[in-house]
Amino acid sequence: MIGIVDYRAGNLTSVARALDKLDQTCVITDDFRLLDNASHIIFPGVGAAGQAMANLRESGLNGHLKRWVQEGKPVLGICLGTQVIFERSEEDDTPCLGIVPGEVKRFPADLREGGQRLKIPHMGWNGVSFREHHPVFAGIPADAEFYFVHSYYPAPADAAWAAGWTDYGIRFCSAVARGNLVAVQFHPEKSGRPGLTLLANFCRWGGCDAQ
Amino acid sequence: MLSKRIIPCLDVRGGRLTKGIRFKENVDIGDPVEAAREYYEQGADEIVFYDITASSERRTIMLDIVKRVAETIFIPFSVGGGIGTVEEMRQVILAGAEKISVNTEAVKHPGIITEGARAFGSQCIALGMDVKKVTASRGIPSGYEMVIHGGRTRTGLDALRWAKEAERRGAGEICLNSIDADGTQDGYELDLTALISSHVGIPVIASGGAGRPEHLLDVLTRGQADAALIASMVHYRTYTIAQIKRFLHDRGVRTRMQW
């Protein structure tokens, strides 16, 4: 069973619906005991980093998330879930979980591409250059695009964590992966077939990033 | 770099599409869920539903459709039409829609934009604008006036000023419909689209007037739109979404070609 961490950060049902489509049983809960029993953890979220961290601390889920990553359970972060696993976010200057070294930065206001001013949030479909040979990114066509909506982006301190890159005025890290942890800035549950492929891969994954 | 989005728009009344959509040997399909599935499979980047029913049972019927659509397609979709409170927004979002579109309700009570953005985030709040070209005046310096109730009522509100105010209040994107171009299939209102798009920092979806793929090319380049809404040209199967995307792609407009 897949456990979806409920920390009152946006609507988590779309992830559950995508898992339903993939015939995966899942539970949306803030009860760490139920999540302890899950084979895989999905950590989604939409909203602001400050509020998300406050909710995580209040529910005590912050400590459990770190523990699940340490224990080797496969963990998938999505969007805001991905951002708060870093050490710090520029959004509300928020100290975060510190699972991944590095911080989350705001897109510069004067972002440009080909002479055109780019809009923020970065909202819509964009490509991802994935690091080769990761089981969770297997079978995704090179020109596949994913649905993004965010104003802040992950900046890992150590390039070894970066597993995917996206261009939007700057080149930013849109996926991180190490050991049993994978985290993406985009929404696989809203990215059509390539997104469903990624989720299906994750549900089958044992948690080791070697082939 | 972001792809330009191609977004089919479905008008729903009493749980059925207002005009049957011709698919599969021109059989009329009136089920919005089936139409959404077809467009998802054709490569739509997003889908917009407008509920033009004005009855009391509307909400229950629409929520049921939103739920079924959310189980069927795995791309973002928005729902608009008479949603005027945060509680109504919450129901539609929990049923599975990404975005709520507010139009007449926002002109009458601009606070709904602020409240919606605070409750769900700006990315959930799309402002629908119905705009009519008028003679520029002191009250309407841009020469574009906001109209409501599906274009029947003039408001005296300047469209550009309203777009900026909505952005300030937290709207995450604007769906900009030209009442003059709507239904003509003669092309989008390029001047209006470029004017609004160049003066706001949020994405603009152009709407009204699409009849041929060239029209999308124009509005996504000269009109500076971030996305294009289409209706008749795909509902009547004159074109498929895949054909339109191929046309744009071949002319250097970045579109999502893998789905």
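Helix H8(B) crosses helix H10(B) in a right-handed sense, and this pair is a good place to start in what is a predicted model. H8 of chain B covers residues 213–221, while H10 of chain B covers residues 241–250. Their axes lie 9 Å apart and make an angle of about 50 degrees. That angle falls between the ranges for roughly parallel and roughly perpendicular, so the two helices are classed as oblique to each other. To see where they touch, look on H8(B) for B:Pro213, B:Leu216, B:Leu217 and B:Leu220, and on H10(B) for B:Ile244, B:Phe247 and B:Leu248. Sorted by class, this contact has seven nonpolar residues, with no polar and no charged ones.

Now move to another helix pair in chain B. H1(B), which spans residues 32–42, comes within 9 Å of H2(B), axis to axis, and the two cross at roughly 25 degrees. An angle under 35 degrees counts as roughly parallel, and therefore H1(B) and H2(B) are described that way. The crossing of H1(B) and H2(B) is right-handed. H1(B) brings B:Pro32, B:Val33, B:Ala36 and B:Arg37 to the contact, and H2(B) brings B:Ile65, B:Arg68, B:Val69 and B:Thr72. Here the residues divide into five nonpolar, one polar and two charged.

Helix H2(B) also leads us to the other chain. Between the two chains, 25 residues of chain B are in contact with 29 residues of chain A. On the chain B side, the elements giving two or more residues are helix H2 (58–72) and helix H3 (86–94). That side holds twelve nonpolar, six polar and seven charged residues.

Crossing over to chain A, let us pause at its helix H3, residues 49–59. Which residues of this helix are buried? They are A:Ala49, A:Ala52, A:Met53 and A:Leu56. It helps to remember that an α-helix has 3.6 residues a turn, so residues three or four places apart point the same way. Looking down the axis of H3(A), you would find the buried residues within an arc of 95 degrees, so they line one face of the helix. Their cover includes helices H4 (61–71) and H5 (80–83) of chain A, together with strands E5 (86–89), E6 (94–95) and E7 (100–106). Just after H3(A) comes A:Gly60, with a positive phi near 80 degrees.

Some loops deserve a visit too. In chain A, A:Asp23 sits in the loop between helix H1 (13–21) and strand E2 (26–29). Is this residue buried or exposed? A:Asp23 has 8 C-beta neighbours inside 10 Å, so it counts as exposed. Its C-alpha atom is 9.4 Å from that of A:Ala200, although 177 residues separate the two along the chain. Elsewhere in chain A, the peptide bond joining A:Ile120 and A:Pro121 is cis, with omega about 10 degrees. A:Pro121 belongs to the loop between strands E9 (116–117) and E10 (122–127) of chain A.

We finish with two loop residues of chain B. B:His149 is not a glycine, yet its phi is positive, about 55 degrees. This residue lies between strands E9 (144–148) and E10 (153–158) of chain B, and B:His149 counts as exposed because it has 12 C-beta neighbours inside 10 Å. B:Gln185, also not a glycine, has a positive phi of about 60 degrees. You will find B:Gln185 in the loop between strand E11 (173–178) and helix H7 (190–199) of chain B. With 16 other C-beta atoms within 10 Å, B:Gln185 is partly exposed.

Technical notes. Residues are numbered from 1 along each chain as its sequence is written. Chains are lettered from A and ligands numbered from 1 in the order in which they are written. This is a predicted model: local features need pLDDT of at least 70, side-chain atom pairs count only at pLDDT 80 or more; totals for chains, interfaces and linings use all residues. Axes are lines fitted to C-alpha atoms, for helices over the stretch in contact, and angles run from 0 to 180 degrees between N-to-C directions. Helices (H or I, at least four residues) and strands (E, at least two) are DSSP runs, numbered from the N terminus. Angles under 35 degrees count as roughly parallel, over 145 as roughly antiparallel, 65 to 115 as roughly perpendicular and the rest as oblique. A crossing is left-handed if the near helix is turned anticlockwise from the far one by less than a right angle, and right-handed if clockwise. Two residues are in contact if their C-beta atoms, placed from the backbone, lie within 7 Å. Ala, Val, Leu, Ile, Met, Phe, Trp, Tyr, Cys and Pro count as nonpolar, Asp, Glu, Lys and Arg as charged, and the others, Gly among them, as polar. A residue is buried if 20 or more other C-beta atoms lie within 10 Å of its own, exposed if 12 or fewer, and partly exposed in between; C-beta atoms are placed from the backbone. The arc is that of the directions from the helix axis to the C-beta atoms.
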